[in-house]
Amino acid sequence: MTNTQKEMMALVGACTQEAGDKFLVPSVLNGEFNKILTKKFEIFNEDTQKKYDLIIDEKPGDLIKIYEKLSDKGIYITTASSLEDRDLFANLSKLFYIVMPYYFIEDNGSRKALVFASKKIHPTADLIRHRSDFVENTHYYHTDIHLASFVLPKYIFENIKDVIKL
């Protein structure tokens, strides 16, 4: 996982979630949360708690189990095969109130897709500016990138608008 992907998975979730601070994430993401100066989080790398506020998977997992492990305002972030991964978005939309793909650009110029699924929290409307504006030592992430990463070209949006939830 590249530094850019780590930042975009960890910091988008952490700078959006106001309700809680229990995160279940791959261990490679642990250091990313320390870049946020205004908040500390409880980070778990193994499933030992009843509920989590944020779950991040490197690849989509058992969506029903993940949904059940999330708090009532929980967020799930994972990779998508593309910004037009209709099957993944449709499956997430059966469970989650909000399902929005987003992307980042690697240093070599390639575009990588992620997906933000939430029971209640919106990734841009519920952005916590006093958190996202106080992120230090990043390679890619900042508040404006957070917001812009959810803006999709019209042709992509038109192709997936029936399987995502805004």
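Colleague: Which helix has the lowest mean pLDDT, and which the highest?

Modeller: Helix α4 (residues 129-132) has the lowest mean among the elements, 88, and helix α3 (residues 86-93) has the highest, 98. pLDDT is the predictor's confidence in each residue, from 0 to 100. Across the protein chain the mean is 94, with 99% of residues at 70 or more. This is a predicted model, with pLDDT of at least 70 needed for local features and 80 or more for side-chain atom pairs, while totals for chains, interfaces and linings use all residues. Residues are numbered from 1 along each chain as its sequence is written, and side-chain values use heavy atoms, leaving out hydrogens and water.

Colleague: What makes α4 a helix?

Modeller: Helices are DSSP runs of H or I with at least four residues, strands are runs of E with at least two, and both are numbered from the N terminus. Residues 129-132 make up α4, so the run meets the four-residue minimum.

Colleague: Why is the contact between Asp47 and Lys69 called a salt bridge?

Modeller: The rule asks for a side-chain nitrogen of Lys or Arg within 4 Å of a carboxyl oxygen of Asp or Glu. Here N and O are 3.1 Å apart, so the pair qualifies. The two residues sit 22 apart in the chain, Asp47 in the loop between β2 (42-44) and β3 and Lys69 in helix α2. That rule gives eight salt bridges.

Colleague: How do you know whether Asp47 and Lys69 are buried or exposed?

Modeller: Buried means under 20% relative accessible area, exposed over 50%, and partly exposed in between (1.4 Å probe, protein chains only). Lys69 has 18%, so this residue counts as buried. Asp47, at 37%, is therefore partly exposed.

Colleague: What makes Asp47 and Lys69 part of the lining of the largest pocket?

Modeller: On a 1 Å grid over the protein atoms alone, a pocket is an open set of points where a 1.4 Å probe fits, with protein on both sides within 12 Å along at least five of seven lines, and lining residues have an atom within 4 Å of a point. Asp47 and Lys69 are among the residues that pass, as are Asp62 and Lys65. Strand β3 (52-56) and helix α2 (63-69) each give two or more residues to this lining, with α2 giving the most, three.

Colleague: Why does Lys154 with Glu158 count as a salt bridge?

Modeller: Their closest N and O atoms are 3.3 Å apart, so they fit the rule. Lys154 and Glu158 lie four residues apart in helix α6 (residues 154-160), which means about one helical turn separates them. Lys154 is exposed at 62%, whereas Glu158, at 34%, is partly exposed. Glu158 also meets Lys161, at 2.7 Å.
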